[in-house]
Amino acid sequence: MDLIDVAAVTNAGFGAAFTFLFDRLANLIDRKPTEHAEPPSEVTDEYNLLDSQLEPLTPRMDILEQRRPEFLALAGSLGTYHRNPERVRPDDSELIRQLSQLRALLEETYGQRITFRGEQRETTGSHVRQRSETVSGYMVGAQGRAAENADIDQEAKNIEAGGWMIGAHSDDLRPHL
């Protein structure tokens, strides 16, 4: 688990970062296991906290259900801070630990990194992992805007004639420098 870089997040707005993460938590714990068909929720970064844009958030329901006890425990302990925003301070090491744990759980559940501006870690974006015995048609890791910040890991043992394995497909791919 990467600890949140307090100095970087303080510059962006520590209270806003808390609210951003807590709102994602509240959205997840309100979901029922049967809510698979709900469209992904768009993420607005109104405080310009993130180093890059998140894709619409679609939770992996299997991970959410597996991690629900951890999410609920964090909702309980972080709820005190939510109800008392004056207690949200960057010098509270227990709060930093809990927010870092929450971010790690959110990243696992959504399959995307959440990196705040100024943090020295992988940029915000998706992780795509694909494994296949045989590719006979097209196997694309990420397409369109989703390809911009994706970390793509693909493997195929056999690509048949006419088969294509494409890591990223977009009209506007730029290298990360």
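# A tour of the helical packing around Leu-78

Begin by selecting Leu-78: setting aside neighbours within four places in sequence, this residue is in contact with Phe-18, Phe-22, Leu-25, Leu-95, Gln-98, Leu-99 and Leu-102. The model is a predicted one.

**The whole chain.** Zoom out and colour by secondary structure. The protein contains 4 helices and 5 strands, arranged along the sequence as α-α-α-α-β-β-β-β-β. Of its 177 residues, 38% count as buried. Among contacts between residues at least 6 apart in sequence, 70% join residues at least 24 apart.

**Helices α2 and α3.** Select residues 14-29, which form α2, together with residues 61-83, which form α3. The two helices pack at an angle of about 135 degrees, and their axes lie 9 Å apart. That angle makes α2 oblique to α3. The crossing of α2 past α3 is left-handed. To display the contact, show Phe-18, Phe-22, Leu-25, Leu-28 and Ile-29 on the α2 side. On the α3 side, show Leu-64, Arg-68, Phe-71, Leu-72, Leu-74, Ala-75, Leu-78, Gly-79, Tyr-81 and His-82. By class, the residues of this contact of α2 with α3 comprise 12 nonpolar, 2 polar and 1 charged.

**Helices α2 and α4.** Keep α2 selected and add α4, residues 93-110. Here the packing angle is about 45 degrees, with the axes of α2 and α4 10 Å apart. The two helices are therefore oblique to each other. α2 passes α4 in a left-handed crossing. From α2, the residues to show are Phe-14, Phe-18, Leu-21, Phe-22, Arg-24, Leu-25, Asn-27 and Leu-28. They meet Leu-95, Ile-96, Leu-99, Leu-102, Arg-103, Leu-106, Thr-109 and Tyr-110 of α4. The contact of α2 with α4 divides into 12 nonpolar, 2 polar and 2 charged residues.

**The nonpolar core.** In soluble globular proteins, nonpolar side chains tend to be buried together. Which residues of the largest nonpolar core touch the most other members? Select Phe-20, Leu-78 and Phe-116, which hold that position among the 33 residues of the core. Each of α2, α3 and α4 supplies at least two residues of this core. The greatest contribution comes from α2, with 9 residues.

**Return to the start.** Centre the view on Leu-78 once more. Leu-78 belongs to the α3 side of the contact with α2, and its own contacts include Phe-18, Phe-22 and Leu-25 as well as Leu-95, Leu-99 and Leu-102. Phe-18, Phe-22 and Leu-25 also take part in the contact of α2 with α4, as do Leu-95, Leu-99 and Leu-102.

Terms used: Residues are numbered from 1 along each chain as its sequence is written. This is a predicted model: local features need pLDDT of at least 70, side-chain atom pairs count only at pLDDT 80 or more; totals for chains, interfaces and linings use all residues. Side-chain values use heavy atoms; hydrogens and water are left out. Axes are lines fitted to C-alpha atoms, for helices over the stretch in contact, and angles run from 0 to 180 degrees between N-to-C directions. Angles under 35 degrees count as roughly parallel, over 145 as roughly antiparallel, 65 to 115 as roughly perpendicular and the rest as oblique. A crossing is left-handed if the near helix is turned anticlockwise from the far one by less than a right angle, and right-handed if clockwise. Contact means heavy atoms within 4.5 Å. Ala, Val, Leu, Ile, Met, Phe, Trp, Tyr, Cys and Pro count as nonpolar, Asp, Glu, Lys and Arg as charged, and the others, Gly among them, as polar. A nonpolar core is a set of buried Ala, Val, Leu, Ile, Met, Phe, Trp, Tyr and Cys residues joined through side-chain atoms within 4.5 Å. Buried means under 20% relative accessible area, exposed over 50%, partly exposed in between (1.4 Å probe, protein chains only).
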